[in-house]
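Biologist: Please put the model on the screen. I would like to go through it by question and answer.

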Amino acid sequence: MYSDILIVGAGVMGCALARELGRYEATVTVLERGHDVAEGASKANSGIVHAGFDAAPGSLKAKLNVEGAKMMPALCAQLGVPYRQNGALVVAYSQRERRTLEALLERGRQNGVSGLEMLEREALLALELNANPEAVCALHAPTSGIVSPYELTYALADHAAVCGAAFRFNAPVERIERAGGLWRAIVGGEVYRCGVLILCAGADGVRLREFAGGRGMRLIPRRGQYVLLDRPDKLPFERTMFMCPTERGKGALVAPTVHGNVLLGPSAEDISDAEDTATTAAGLEGVLEACRKTWPGLSVRSAVTNFSGVRAHEEHGDFVIGRLAENAYEAAGIESPGLSAAPAAARMLAGQIAREQGLSLRARVPMAPAREKPFSEMTDEERGEAVRRDPLHGRIVCRCEMVTEAEIRAAIRRPVGATSVDGVKRRTRAGMGRCQGGFCSPRVMEILAQEWGVPMTEVTKSGSGSRLLTGTIREAMKRIGEEEEKR
């Protein structure tokens, strides 16, 4: 199996890069060890489009964060991804923290962030009524925004696919080697050959880059735990509320999501196992304790779920993007603000590859697939018209989030479509509401089985090893009868 360009990793960076490379005359294949795109840090982060005041001036993080944040509104509009520029506040509770915010203000100005301003307590409380009255001041960043990180990644993958990129899932790369002027990625019994290799493998990037001769990088798996609250009638905060940052990161935040939930977290725990996405009682309690400082009236009675993600922290604190070896490139250490920076980072790296490899632009680049407005957001008139176009819009599968059967089938049929219950959930929100799939999961499974032409016992929650059913009642009764006959 040969392609001109082989990308390892289908997170937001890998998918953004595949989409950018779709502008050039080259065949592109994306290998992903998970069963879907966005299975790593790209599905489990805060979804914040950072303004760009936090990164050190002159760093790659600072440059790409500011550029990516500027690109995000138009990109999301083009891809049909929910985005909102709601602004952010970083709150200080002491004069020492005030000095930190003043340093961030100056840093942000050096990075080219517009609209930054310091607010005293009275101005802060006028903007956000539920803010802690013990606050001293806050840094206001009006250009900060929020996005759905996994929906963005899915949309990037879909556009890359219609531009010709091929996605291969359940394909963990065991080793990489150079032979005959080509790179070879070994996946089980299969060999993927390519002219250009690009590693966007997150925490697994260190192991893979060593095959290409890369040395001297240390990525620290850093786990962040979150608590998600149900959608309130009125959001407690319009803006994303940050604590004063420390050397461990930006701290726990209280943030609205683009879908109207409230997100609390993350923690920042350095761990040894990059696959350990467990949540812990201590970690979640630490998140809640930190968030209560920002939001004294916080109650978790409306909590609907908790989760964690592991980001790859580069020990020197910056992104590592560029040439790794002959005809090999990498994007490593893509932690926060990696989501914000991804559009600019992908454009920068794709441009470098095109120049160095002599790629020519395509005469015509296909448009991104159109996205229908979610049924839950339609007016009554729009819903009536949707049902007339497709009667399956008249069948509500997920009551909590008002998701129709038509939307679920469309999610499975996308260019890079859902193959699991979780894949449907993140593409449509079926199962993301208060009952967390307690009502709709069986019907979602039936639809997946129908669309993929498999028995329901083959349907998984999130890929290999997560089957939800072990058999049918008839089969179970038959086994019981056989066992009784033996006795």
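Modeller: One term before we start: two strands count as paired if DSSP finds at least two bridges between them. In this predicted model, Arg222 of strand 13 stands opposite Asp270 in strand 17.

Biologist: Over how many bridges do strand 13 and strand 17 pair?

Modeller: Strand 17 covers residues 269-270, and Asp270 there stands opposite Arg222. The sense of the pairing is antiparallel, and the number of bridges between strand 13 and strand 17 is two.

Biologist: Which residue of strand 18 stands opposite Gln225?

Modeller: Strand 18, residues 303-314, pairs with strand 13 in the antiparallel sense over eleven bridges. Within strand 18, the residue opposite Gln225 is Ser308.

Biologist: And in strand 16, which residue stands opposite Leu228?

Modeller: Strand 16 spans residues 262-265 and pairs with strand 13, again antiparallel, over three bridges. The residue of strand 16 opposite Leu228 is Leu263.

Biologist: How many residues of strand 13 are buried?

Modeller: Buried here means under 20% relative accessible area. On one side of strand 13, Leu219, Pro221, Arg223, Gln225, Val227 and Leu229 are buried; on the other, Ile220, Arg222, Gly224, Tyr226 and Leu228 are buried too. Both faces are therefore covered, and of the eleven residues in strand 13 the number buried is eleven.

Biologist: Is helix 5 largely enclosed or largely open?

Modeller: The buried residues of helix 5 include Glu151, Asp158 and His159 as well as Leu152, Tyr154 and Leu156. Their cover includes helix 1, helix 2, strand 8, strand 9, helix 8 and helix 11. Twelve of the 14 residues are buried, so helix 5 is largely enclosed.

Biologist: What does helix 5 reach from its first C-alpha to its last?

Modeller: Helix 5 has 14 residues, and at 1.5 Å a residue the expected span is 20 Å. Gly164, with a positive phi near 115°, follows the helix. The reach of helix 5 is close to the expectation, at 20 Å.

Biologist: Which element gives the largest share of the largest nonpolar core?

Modeller: That core has 53 residues, and those touching the most other members are Ile7, Leu17, Leu21, Val37, Leu152, Phe167 and Ile198. Elements that give two or more residues include strand 1, helix 1, helix 5, strand 12 and helix 8. With ten residues, the largest share comes from helix 8.

Biologist: How many residues are in the other core?

Modeller: It lies apart from the one just described, and its members include Leu119, Leu284, Val287 and Leu298. Its residue count is 24.

Biologist: Which residues of helix 5 does Val37 contact?

Modeller: Leaving aside neighbours within four places in sequence, the contacts of Val37 include Ala10, Cys15, Phe167, Phe169, Val416 and Arg427. From helix 5, the residues in contact with Val37 are Thr153, Tyr154 and Ala157.

Biologist: What radius of gyration does the protein have?

Modeller: The C-alpha trace spans about 75 × 55 × 55 Å along its principal axes. For 487 residues, a compact globule would come out near 23 Å. The protein agrees with that rule, having a radius of gyration of 23 Å.

Biologist: What percentage of the exposed area do carbon and sulfur atoms supply?

Modeller: Of the 487 residues, 54% count as buried. The protein exposes about 21,600 Å², and the part supplied by carbon and sulfur atoms is 50%.

Key
Residues numbered from 1 in each chain as written. Predicted model: local features only at pLDDT ≥ 70, side-chain atom pairs only at ≥ 80, totals over all residues. Heavy atoms only, no water. Core = buried A, V, L, I, M, F, W, Y, C linked by side-chain atoms within 4.5 Å. Buried < 20%, exposed > 50% of the residue type's maximum accessible area, 1.4 Å probe, protein only. Helix = DSSP H or I, 4+ residues; strand = E, 2+ residues; numbered from the N terminus. Contact = heavy atoms within 4.5 Å. Expected span 1.5 Å × (residues − 1). Rg over C-alpha atoms; globule rule 2.2 N^0.38 Å. Areas by Shrake-Rupley, 256 points an atom, 1.4 Å probe, with all protein chains shown as cover.
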